[in-house]
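Work through the exercises below with the sequence and the coordinates open. Try each task before reading its solution.

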Amino acid sequence: MSRSVGVVMDAAGADADQARLHQLGYRQELKRGLSLVSNFAFSFSIISVLTGVTTTYGTGLRYGGPVSMTLGWLVVAAFNGCVALSMAEICSAYPTSGGLYYWSAKLAGKEWAPLASWVTGWFNIVGQWACTTSVDFSLAQLLQVIILLATGGANGGGYMASKYVVLAIYSAILILHGLINSLPIRWLSWFGQLGAFWNVAGAFSLTILIPAVAKERVSPEFIFTHFNAENGAGIHDKAYILAAGLLMSQYSLIGYDTSAHIIEETKNADWSGPIGIITSVALSTMFGWIYLIALTSIMTDIPYLLNPSNDAGGYAIAQALYTSFHRRYGTGAGALACLGVIAVAIFLCGSACITSNSRMGYAFSRDGAKPLSRVWHRVDSREVPLNVVWLSVAVAFVMALTSLGSQVAFQAMVSIATLGLLIACALPVFFRVTTARRSFVRGPFHLGKYGVVVGWVGVVWVATVTVLFSLPVAYPVAKETFNYTPVAVGGVLLLSLVAWVLHARFWFQGPVTNVDTYNVP
């Protein structure tokens, strides 16, 4: 009896989701098999604090040190939370896989809808390509460090992989992620949930293990108040240094738009999607901060940990772990195990990046915004957008080729992952609090009278960090130290606008319906 009732309720929910999607102008083409937990798990896996904190910790340690990370994390989390809350409110109103660019089209007003949708969509898709590139390439670099330490370290004759070997490792990781994302959604759901579990269990375990193993630890006062001004980059102004150090925290807390991009595969979409966004950001903030404090507790010699001549080649976290375990047990094997736990988290994060990227690419192609859109929005017999999955893999590989010519150029490429995604998230929020302020029709989840205020706080924050992260990160400014972030982000804006003026404005009208009748309130 109870099972029959459950089946009826599931069917009713599925009918409601399909009806709402039909109202928004689309047929149900992807299999709707994800629960709220699965939706949350994908966003939580992509945010992946083990990934973000570990791979960018050296940046935070160099620019400001402990205070810029532990207290800076709380500042970023508060403002980033405003962006996430506003996105969740909009997601509840418009539960489609197009997510950000669809929202911009519906909120910008009829006159500006096509252009708003076009620019938002391209910032989002390029930002996601860059996010996949940065995550998988950082995993290849971490594996390089693990191999280096396992074979004796840089000062003990260890094997230092060349940039070509690192690229080969990166390529193998990408191919594995492409194969995983070629599986049906029920299997991807399992990987998403595994990623969420691994991040929670990994962060919890490392938080306890790291301080317990270390014979030498810094004081709580050092963790929360020590300011590292010795960045070796010629920057001496404290406010400037702190601003540069915020990049670690902000990079570690992006990716929650994933809940929107898989929403057409999620049950009870207009509630599960926004809750997935909020819970993934809230739990990532909490676990990330605790993990960050544990790591900082063993940063006893910052200049040495950042020195490229140490055993880990300047990889601060790896060197700190290796030193701690070696002092306690006379071997660094435990450090390698800890780095292995982090590597698995990064691998699962990269897989989730391809999932989100492919669903965004599928939706953008369904609306005809990409070259060869008919090819990229096709789904196979298992309701998997297979073509766009491998397009995501191919583009991420091409982006990483810049690392062969210049590490600075590669860093500029992946900087789009932070600002590109943030700008794409902020644009629909901006339209929500301006042109659509009075016409916005709420979904089941909403912020009530605080929606506009929270939205404005989020928009101002994104505008602020866009300026801060575009400032030079070293003086004097030279070819080797030039911050290419404004060039990269400005390039996306310029190219999208040029393409709009010369070509897209004649045919792109925003989201294209594929049902006979629809009505979007």
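**Exercise 1. A loop residue and its partners**

Task: Find which residues Y256 touches, leaving out residues up to four places away in sequence.

Solution. The model is a predicted one. Start with the contact list: Y256 touches S43, I47, N80, V83, A84, M87, I277, S280 and V281. Next, place the residue. Y256 sits in the loop between α10 (238–252) and α11. Then check its cover. The relative accessibility of Y256 is 1%, so Y256 counts as buried. The cut-off for buried is under 20% relative accessible area. Last, take a distance. S38 is 218 residues from Y256 along the chain, and their C-alpha atoms are separated by 13 Å.

**Exercise 2. The view from V83**

Task: Locate V83, decide whether it is buried or exposed, and list its contacts beyond four places in sequence.

Solution. V83 belongs to helix α4, residues 66–93. Its relative accessibility is 2%, so V83 is classed as buried. Its contacts outside the four-place window are Y256, C425, G458 and V462. The pair with Y256 also turns up in the list for Y256. Now compare sequence with space. V83 and V429 stand 346 residues apart in sequence, yet 7.7 Å apart from C-alpha to C-alpha.

**Exercise 3. Two helix lengths**

Task: Test the spans of helices α6 and α20 against a rise of 1.5 Å a residue.

Solution. Take α6 to begin with. Helix α6 covers residues 113–150, which is 38 residues. The expected span is 1.5 Å times one less than the number of residues. For α6 that gives 56 Å; the end C-alpha atoms are 55 Å apart, so the values agree. Repeat for α20, residues 416–433. Its 18 residues should span 26 Å, and its end C-alpha atoms lie 25 Å apart, which agrees.

Now add burial. In α6, 33 of the 38 residues are buried, so the helix is mostly covered. In α20, 16 of 18 residues are buried, and therefore α20 is largely enclosed by the rest of the structure.

**Exercise 4. A residue inside α6**

Task: What does T132 contact, leaving aside neighbours within four places in sequence?

Solution. T132 is found in helix α6. Its relative accessible area is 0%, so T132 is buried. The contacts are L174, C353, I354, N357 and A396. Follow the helix to its end. Just after α6 comes G152, with a positive phi of about 120 degrees.

**Exercise 5. A short helix under cover**

Task: Identify the buried residues of α5 and the helices they pack against.

Solution. Helix α5 runs over residues 100–107; 7 of its 8 residues are buried, so it is largely enclosed by the rest of the structure. The buried ones are L100, Y101, Y102, W103, S104, A105 and L107. They pack against α4, α6, α11, α15 (333–366) and α20. After α5 comes G109, which has a positive phi near 95 degrees.

**Exercise 6. Positive phi without glycine**

Task: Where do S48 and N268 lie, and is each buried or partly exposed?

Solution. Take S48. Its phi is near 35 degrees, positive in a residue other than glycine. S48 lies in the loop between α2 (36–47) and α3 (49–62). Its relative accessibility is 1%, so S48 counts as buried. Take N268. Its phi is positive too, about 50 degrees, although N268 is not a glycine. N268 lies in the loop between α11 (258–261) and α12 (269–296). At 41% relative accessibility, N268 counts as partly exposed.

**Exercise 7. The whole chain**

Task: Compare the radius of gyration with that of a compact globule, then summarise the fold.

Solution. For 521 residues, a compact globule would have a radius of gyration near 24 Å; the protein has 23 Å, which agrees. The C-alpha trace spans about 70 × 60 × 45 Å along its principal axes. The secondary structure comes to 22 helices and 0 strands. Of the 521 residues, 58% are buried. Among contacts between residues at least 6 apart in sequence, 82% join residues at least 24 apart. The accessible surface comes to about 20400 Å², with 67% belonging to carbon and sulfur atoms. Finish with charge. The mean positions of the 29 positive and 22 negative charges are 3 Å apart.

How values were computed
Residues are numbered from 1 along each chain as its sequence is written. This is a predicted model: local features need pLDDT of at least 70, side-chain atom pairs count only at pLDDT 80 or more; totals for chains, interfaces and linings use all residues. Side-chain values use heavy atoms; hydrogens and water are left out. Buried means under 20% relative accessible area, exposed over 50%, partly exposed in between (1.4 Å probe, protein chains only). Contact means heavy atoms within 4.5 Å. The radius of gyration is taken over C-alpha atoms; the globule rule is 2.2 Å times the number of residues to the power 0.38. Accessible areas come from the Shrake-Rupley method with a 1.4 Å probe; for residues, only the protein chains shown count as cover. Lys and Arg count as positive and Asp and Glu as negative; His and the chain ends are not counted. The place of a charge is taken as NZ of Lys, CZ of Arg, CG of Asp or CD of Glu.
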